[in-house]
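Please open the model in your viewer and keep the sequence panel beside it. The tour below moves from one selection to the next and says what is found at each stop.

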Amino acid sequence: MRRLCFLLGVLQLLAAATAVYKQWIPNTNFETASNWDKGRVPCASNVVRFEENKVVSVFVRSPHTLTDMYLPLNGELVLAAGAGFAAFDGSWDPGCDSGATVRFSDAEHHAWFDPTLWQAVSPSGELESSSHIFSVDEERVPCHYDDVIFQPETSFRELSSPEAWSAYLQGPSAALQFHGNGTLQVTGSGCVDKSGCACGNTLDGHRICAALLRASGGQCPEPACRSPLQPLGHCCPICGATINLDFTPDFDLQKYQNRLVQALLSQPKYTGMQMAISKVQKEQTFLGVIPRSSTPVIQIVLIHEGTGVQTSSTVEQLAADIMEDIAQHGEALGISSGKMEVATGNAFSEQVGNHTLSRITMGTVLGLLFGLLFLGGILFLHRKGKLRLPALCLPQLWDRVEDPAPPAPGSEKGFDNPMFDVEPPRADPGEETLQEMAHRDHPVFYLNPLYNANETET
């Protein structure tokens, strides 16, 4: 095994000064107890085993004494100054299990798209201290304009430009430290829009949610409210509130976030409240059903750490305070309009019901519209002679008093009148039968369907 020099453990993607910094949590250090199957660092009388078919890069910070060590076929040990390995001389070690085999854990199950493996930090690498801000799941993974930091003194290099990143990918360590078939690009450019930039992880949303919910079998936890909300970019429904803001070119995302934290979230009555705020692409639809396009909006998500009636009231009050602030100062802040939805306990049931009813009504209207268009098309084709419809026999709307006598054979005089059920004139008008004379003496009245039976004639 060749010995490599100590490599500084920071990978930082250049971005603007206001960029978000995401730090990778796991490492493959030899001295990290969680990297070993027994939950501790190997000691002198132990046998260290790396799986032969696993690709791994391990950073070694200090010297170690071991009984034996089995190395992988493809891997590297990154040694810090003064680090190394020595053979155990067989002397007694009271704190070590004699002859035990300690295996290095599989690091390949660590996925880039797993939100639990990232944390938001300051530019210096320290954890963000604000307890009021969180991120939706897609934004917990590095976004297109974020800075990425790997912890110091781990098996990574410092790359400060796209050229350095490209050269690193050509070296032997890149394949050992970054596994998989995905691509990673260092652009060196940040978001220059003061209203913020969309994260850009929407296309990988299914990967993010699959990694996040792997432990639960892909199932989201059951929400405590009856009609939960589904924020854009979040894997599971939530109980809380969402506010979507339409904004103008004067809107400044960072300033508005600071305003909400300082003026509202910092108040004692809002202890336990958390807020996520970011620019998202909201899908626009035609009549609320047919997808049309997407437009950028500012999404605010409000949740509370606790549960119960008091928690629900707190969420509703904070959402109402934000909407009131928008009504009073929205124009000066660059906010043109805002839409609020709340789901806490039973508070959102009526609002959701109305929303659902409007969708059902819209679907019914569209169904009737398409039905009328379909019938109109059939009638149009029928009128043009392109489509022949089967003849329908409809029953008479009134009963006849008696059936008319068939016309005399060979006679072409007269015709059947559907309005007046009479016989056509005979060839010899002078001939009358006794029955016809009786009819004349006893007239028969017929109902005319075109006129009201109650009407009388003078």
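A salt bridge, as the term is used on this tour, is a side-chain nitrogen of Lys or Arg within 4 Å of a carboxyl oxygen of Asp or Glu. With that in hand, and bearing in mind that this is a predicted model, select Asp193 and Lys279, which form a salt bridge whose closest N and O atoms are 3.2 Å apart. Asp193 sits in the loop between α3 (172-177) and α4 (205-212), while Lys279 belongs to strand β12 (residues 273-286), so the pair ties together parts that are 86 residues apart in sequence. If you colour by accessibility, the two partners fall into separate classes: Asp193 is partly exposed, with a relative accessible area of 37%, whereas Lys279, at 9%, counts as buried.

**The whole chain**

Now zoom out and show the cartoon, in which the protein has eight helices and 14 strands. Of its 458 residues, 33% are buried, and the accessible surface comes to about 28700 Å², with 55% of that area belonging to carbon and sulfur atoms. A contact map would add that, among contacts with a separation of 6 or more, 67% are between residues 24 or more positions apart.

**Other salt bridges**

How many salt bridges does a search of the whole structure find? The search finds eight, one of them between Asp106 and Lys54, where the closest N and O atoms are 3.6 Å apart. This pair links distant parts of the chain, since Asp106 lies in the loop between β8 and β9 (118-121) and Lys54 in the loop between β2 and β3 (55-60), 52 residues apart. Asp106 counts as partly exposed at 31% relative accessibility, and Lys54 is also partly exposed, at 26%. For another example, select Asp204 and Arg207, whose side chains meet in a salt bridge at 2.6 Å from N to O; here Arg207 is partly exposed, with a relative accessibility of 43%.

**The sheet β5-β2-β8**

Next, display strands β5, β2 and β8, which form an open sheet in that order with parallel pairing. Which strands stand at the edges of the sheet? They are β5 (68-70) and β8 (101-103), and each has a single partner strand, so one side of each is left without a neighbour in the sheet. If you fit axes to the strands, neighbouring ones are turned by 20 degrees against each other on average, direction ignored. Looking at one pairing in detail, strand β2 (residues 47-49) and β5 are joined in the parallel sense over three bridges, and Val48 can be found opposite Met69 in β5.

**Strand β1 and its partners**

Move to strand β1 (residues 21-24) and turn on its side chains. In a regular strand the side chains alternate between the two faces of the sheet. In β1, Tyr21 and Gln23 point one way and Lys22 and Trp24 the other way, and all are buried. Adding β9 to the selection shows an antiparallel pairing with β1 through four bridges, in which Gln23 has Gln119 of β9 as its bridge partner. Strand β10 (residues 147-150) also pairs with β1, in this case in the parallel sense and over four bridges, with Lys22 standing opposite Val148 in β10.

**Val315 in helix α6**

Select Val315 in helix α6 (residues 309-333) and ask whether the residue is buried or exposed. Val315 has a relative accessibility of 2% and therefore counts as buried, the cut-off being under 20%. Beyond neighbours within four places in sequence, Val315 is in contact with Gly240, Ala241, Met273, Leu302, His304 and Thr344. For His304, which is eleven residues away along the chain, the C-alpha to C-alpha separation from Val315 is 6.9 Å.

**A surface patch**

The last stop is on the outside of the model, where Leu369, Phe370 and Leu373 form a nonpolar patch with about 320 Å² of accessible area together. Of these residues, Leu373 lies in helix α7 (residues 349-383) and is exposed, with a relative accessible area of 55%.

Note on methods
Residues are numbered from 1 along each chain as its sequence is written. This is a predicted model: local features need pLDDT of at least 70, side-chain atom pairs count only at pLDDT 80 or more; totals for chains, interfaces and linings use all residues. Side-chain values use heavy atoms; hydrogens and water are left out. Patches are made of residues with over 30% relative accessible area and no salt bridge: like charges are joined within 9 Å, nonpolar side chains (Val, Leu, Ile, Met, Phe, Trp, Tyr) within 5 Å. Accessible areas come from the Shrake-Rupley method with a 1.4 Å probe; for residues, only the protein chains shown count as cover. Helices (H or I, at least four residues) and strands (E, at least two) are DSSP runs, numbered from the N terminus. Buried means under 20% relative accessible area, exposed over 50%, partly exposed in between (1.4 Å probe, protein chains only). Contact means heavy atoms within 4.5 Å. Two strands pair if DSSP finds at least two bridges between them. Axes are lines fitted to C-alpha atoms, for helices over the stretch in contact, and angles run from 0 to 180 degrees between N-to-C directions.
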